[in-house]
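Good morning, and thank you for coming. I should like to take you through one protein chain, beginning with the overall picture and then turning to a few helix pairs and two individual residues.

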Amino acid sequence: MKKNSLIFSSLSIAFVIGMTSCKSHDAPAMPADDVIKDSAKATTVTNLGLLMTNIPSPSDLAKELSKEGVQYNKSLLNSADKGSSYSGTYQQAVNMGIYGADMGYAASYNQMQDATQYIIQVAKLASALGITSAYDQKLMDQFKTATSNKDSISVVIQAAFDRAQKELYSNKRAATSTLIFSGGWIEGLYIATNLVKDEKNDKNAAMYSAIWNHIYAFSYLQKALGDYQSNPDCANMLKTLQPLFDAAAKLNAQGLKLSDVQNVQKTVTDIRSKLI
């Protein structure tokens, strides 16, 4: 798996930073039968891994956008003030992913004050979901003190990822994990497609390629959600994303045009509006 993509991709951030809640001593332990029933399937782990590998990193995408003179646009992000309004596993998990992607976008533009606001919201949603902390308050504090240095942030996030990956699947929260990834994928695609203004040319070809990689990753998410269709929340997300999956399946990298990106943008914007 590409290390830079792993560290900075919006989905890995949604997954990793989603585990950054302070230790919750009140979170109920999962019953043994739930642990068995909700075991992470090998195909799900593989598909989510491929999803992360193929998603463009926010930092790389930001570089391409800066070449086009595209500045940081906070108005695209979901308001951090809405975090406390989300209730139930579906809303909380999906928006945990959305906030994780927002944090990745803000951090890629070195907007660390905004990034910190989003990590706080992700931590609160993780706690509300009853996800045991993958790491302690000390590591959370390290993130806050590392916000002025992107390399330091990379080290903290990588350490968190290693612990969060083991934590999530050892607790068999695979369905919840898939919802978190869904939210991150949706938000990353929403941000990227809203920032493209010109037809593909030599100057922005890399940006189009990055957006295509993000779009194409839908197939891995679709398969992961399909593994948990018996879970009502995953079934709901699969149905909600179907129009976007259908639109993505008709596209290809070589023929990707501005009108294609705009059509995806309209579809993902409509879906996102129902989730936030």
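**Overall picture and helix packing**

In this protein chain, 84% of the contacts with a separation of 6 or more are between residues 24 or more positions apart. Please keep in mind that the model is predicted.

The chain has 14 helices and 0 strands. Read from the N terminus, the elements therefore run α-α-α-α-α-α-α-α-α-α-α-α-α-α. There are 276 residues, and 55% of them count as buried. The accessible surface of the chain is about 11900 Å², and carbon and sulfur atoms contribute 49% of that area.

Let me now turn to the helix pairs. Two packed helices are described by the angle between their axes and by the distance between those axes.

I begin with helix α6, residues 88-108, and α10. Their axes are 7 Å apart, and the packing angle is about 45°. The two helices are therefore oblique to each other, because an angle of that kind falls outside the ranges for roughly parallel, roughly perpendicular and roughly antiparallel. The crossing of α6 and α10 is right-handed. Which residues meet here? On the α6 side they are T89, Y90, A93, V94, M96, G97, I98, A101, D102 and Y105. On the α10 side they are T176, L179, I180, G183, G184, E187, G188 and I191. Sorted by class, this contact has 10 nonpolar, 6 polar and 2 charged residues.

The next pair is helix α10, residues 174-194, with helix α11, residues 205-216. Here the axes are 10 Å apart and the angle is about 150°. Since angles over 145 degrees count as roughly antiparallel, α10 is roughly antiparallel to α11. The crossing of α10 and α11 is left-handed. From α10, the contact is made by W185, G188, L189, A192 and T193; from α11, the partners are I211, H214 and I215. By class, there are 5 nonpolar and 3 polar residues in this contact, and no charged ones. G188 of α10 thus appears in the contact with α6 and in the contact with α11.

The third pair is α11 with helix α12, residues 218-226. Their axes come within 5 Å and cross at roughly 15°. That angle makes α11 roughly parallel to α12. H214, I215 and Y216 of α11 form the contact with F218, S219 and Y220 of α12. This contact has 4 nonpolar and 2 polar residues, with no charged residue. H214 and I215 of α11 therefore take part in the contact with α12 as well as in the contact with α10.

**Two residues in detail**

Is M207, which lies in helix α11, buried or exposed? M207 is buried, because its relative accessible area is 3%. The C-alpha atoms of M207 and V196 are separated by 8.5 Å, and the two residues are 11 apart along the chain.

My last residue is E199, in the loop between α10 and α11. E199 counts as partly exposed, because its relative accessibility is 44%. Which residues does E199 contact, leaving aside its neighbours within four places in sequence? They are N204, Y208, K257 and L258. In addition, the C-alpha atoms of E199 and S259 are separated by 8.3 Å, although these residues are 60 apart along the chain.

How values were computed. Residues are numbered from 1 along each chain as its sequence is written. This is a predicted model: local features need pLDDT of at least 70, side-chain atom pairs count only at pLDDT 80 or more; totals for chains, interfaces and linings use all residues. Side-chain values use heavy atoms; hydrogens and water are left out. Axes are lines fitted to C-alpha atoms, for helices over the stretch in contact, and angles run from 0 to 180 degrees between N-to-C directions. Helices (H or I, at least four residues) and strands (E, at least two) are DSSP runs, numbered from the N terminus. Angles under 35 degrees count as roughly parallel, over 145 as roughly antiparallel, 65 to 115 as roughly perpendicular and the rest as oblique. A crossing is left-handed if the near helix is turned anticlockwise from the far one by less than a right angle, and right-handed if clockwise. Contact means heavy atoms within 4.5 Å. Ala, Val, Leu, Ile, Met, Phe, Trp, Tyr, Cys and Pro count as nonpolar, Asp, Glu, Lys and Arg as charged, and the others, Gly among them, as polar. Buried means under 20% relative accessible area, exposed over 50%, partly exposed in between (1.4 Å probe, protein chains only). Accessible areas come from the Shrake-Rupley method with a 1.4 Å probe; for residues, only the protein chains shown count as cover.
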